[in-house]
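Grab a pencil and work through these short exercises with the model open beside you. Each task comes with a solution, taken step by step.

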Amino acid sequence: MTADLLYSDVEDDLRASVRALLADHCEPSALLKRAESGEPYDLKLWRALAGDLGAAGLQVPEDRGGHGASAREIALVLEELGRSVAPVPFLGSAVLATNALLATGTDHELLGKLAAGTTTAALAVPLSSTPDTFKSTVEVADGVLTGRVGTVADASVADVLVVPAGDGLYLVDSGFTVSELVSLDLTRRVADVTLSGAHGTLIASGAAATEALTAALTAGAALLASEQLGLADWCLEETVRYLKGRYQFGRPVGSFQALKHRLADLWLELVSARAAARYAADCLARQDPDLPVAAAVAQALCSDIAVHAAEECVQLHAGIGMTWEHPAHLYLKRAKANQIALGTAGRHRAALATLLDLPG
């Protein structure tokens, strides 16, 4: 089967539903108020997105309590979440933890709960992890886990942890403490997780556990590119809108040739990012052998483009773009945090060199 980078009618309908939900719950003023209040996650929105809309269960097969869709639909949801920098634990629960569980082949009832949005999970690895750099810091003896994992995404609202320990993968629902860190990204928090004699349920061991973790991290990198795409898309769209309405010397600022060139360059970058992100999502949906290459290309490209788009958004909004009241800084902070999430662009380029057998 050949790759299909176009959006289907079903995907367009899903996008409309997700965008409408986020428009009701993710106004910039509400995001800023939530960041100021010290309650970064909108769990009401999460329940509506995961449960009512069914977004958390898109990738889960129907016989395990999900909707039996694919990674393409998950990627589309992430695009819209990126456009809104929505404060929900979608990456940690519906992407990383869910893909880890799916990769083990287990029929554990947790999958159905995750799909329904009644339970939230997190994959207990540092957010910067890649398959070739991850080293477990958790020890296990007779099913009891002890150790500490730093900078775990969405851990502060997780009911269950999927924990790599020793040569196995465990589910842990008690016996751990979460210490939220001061995050650059105000809409996705990271936390240190400490396990002190926590009893875990083994769901995979040996090579199967390694393969499941690799699959989850690779899927996460492939799908994160779609969030970065959505973020960049919002930044460009919002900047064009602002420059059309901002007048200087009796004409729209956006009519100045120097600014046109900057926006045109950014649009070309966005087109490339869309192609890379869509191809990565399509490869994941088809379980194409080219997935590791597609994921590395998407991350190497999209993470830097998202940062560039957010920087241009802040700069071309001039003074207002530098203020707390304008949401541009939320997008820049998410883009910068994502730039190191699941591997930096440089690390993915290095991985590409190995995958494609390029000379050093």
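**Exercise 1.** Find out whether Asp233 is buried or exposed, and place it in the secondary structure.

*Solution.* Start with the verdict: Asp233 is buried, because its relative accessible area is 19% and buried means under 20%, exposed over 50% and partly exposed in between (1.4 Å probe, protein chains only). A word on what you're looking at: this is a predicted model, where local features need pLDDT of at least 70, side-chain atom pairs count only at pLDDT 80 or more, and totals for chains, interfaces and linings use all residues. Residues are numbered from 1 along each chain as its sequence is written, and side-chain values use heavy atoms, with hydrogens and water left out.

Next, the location: Asp233 sits in helix H7, residues 207-245. Helices (H or I, at least four residues) and strands (E, at least two) are DSSP runs, numbered from the N terminus.

Last, the partners: once neighbours within four places in sequence are set aside, Asp233 is in contact with Arg83, Leu270 and Arg274. Contact means heavy atoms within 4.5 Å.

**Exercise 2.** Check whether the span of H7 agrees with its number of residues, then do likewise for H9.

*Solution.* Begin with the rule: the expected span of a helix is 1.5 Å times one less than its number of residues. For H7, with 39 residues, that gives 57 Å, and the end C-alpha atoms are 58 Å apart, so the two agree. H7 is also mostly covered, with 28 of its 39 residues buried.

Helix H9 covers residues 291-316, which is 26 residues. From first C-alpha to last it reaches 36 Å, close to the expected 38 Å. Since 19 of its 26 residues are buried, H9 is largely enclosed by the rest of the structure.

**Exercise 3.** Compare the radius of gyration of the protein with that of a compact globule.

*Solution.* The radius is taken over C-alpha atoms, and the globule rule is 2.2 Å times the number of residues to the power 0.38. For 360 residues the rule gives a value near 21 Å; the protein has 20 Å, so it agrees.

Now add some context. Along the principal axes, the C-alpha atoms fill a box of roughly 75 × 50 × 40 Å. The secondary structure comes to twelve helices and ten strands, and 55% of the 360 residues are buried. Look at contacts with a separation of 6 or more: 75% of them join residues 24 or more positions apart.

**Exercise 4.** Which residues does Thr98 touch, not counting those up to four places away in sequence? And what does Ala75 contact, leaving aside its neighbours within four places?

*Solution.* Thr98 belongs to helix H5, residues 90-104. It counts as buried because its relative accessibility is 1%. Thr98 touches Val60, Ser93, Leu111 and Leu114.

Ala75 lies in helix H4, residues 71-84, and is buried, with a relative accessible area of 1%. Its contacts are Leu223, Ser226 and Ala281.

**Exercise 5.** Where is Lys333 found, and how far is it from Leu186 in sequence and in space?

*Solution.* Lys333 is in helix H11. With a relative accessible area of 21%, it is partly exposed. Lys333 and Leu186 are 147 residues apart in sequence, yet 7.4 Å apart in space, C-alpha to C-alpha. Outside the residues up to four places away, Lys333 touches Leu184, Asp185, Leu186 and Trp324.

**Exercise 6.** Look at phi in Asp142 and Leu342, and say for each whether it is buried or exposed.

*Solution.* First, the background: most residues other than glycine have a negative phi. Asp142, not a glycine, has a positive phi of about 55°. You'll find Asp142 in the loop between strand E2 (138-141) and strand E3 (144-153). At 84% relative accessible area, Asp142 is exposed.

Leu342 also has a positive phi, near 55°. Its loop runs between helix H11 (328-338) and helix H12 (345-355). Leu342 is buried, with a relative accessible area of 2%.

One extra to look up: Ala318, just after H9, takes a positive phi of about 55°.
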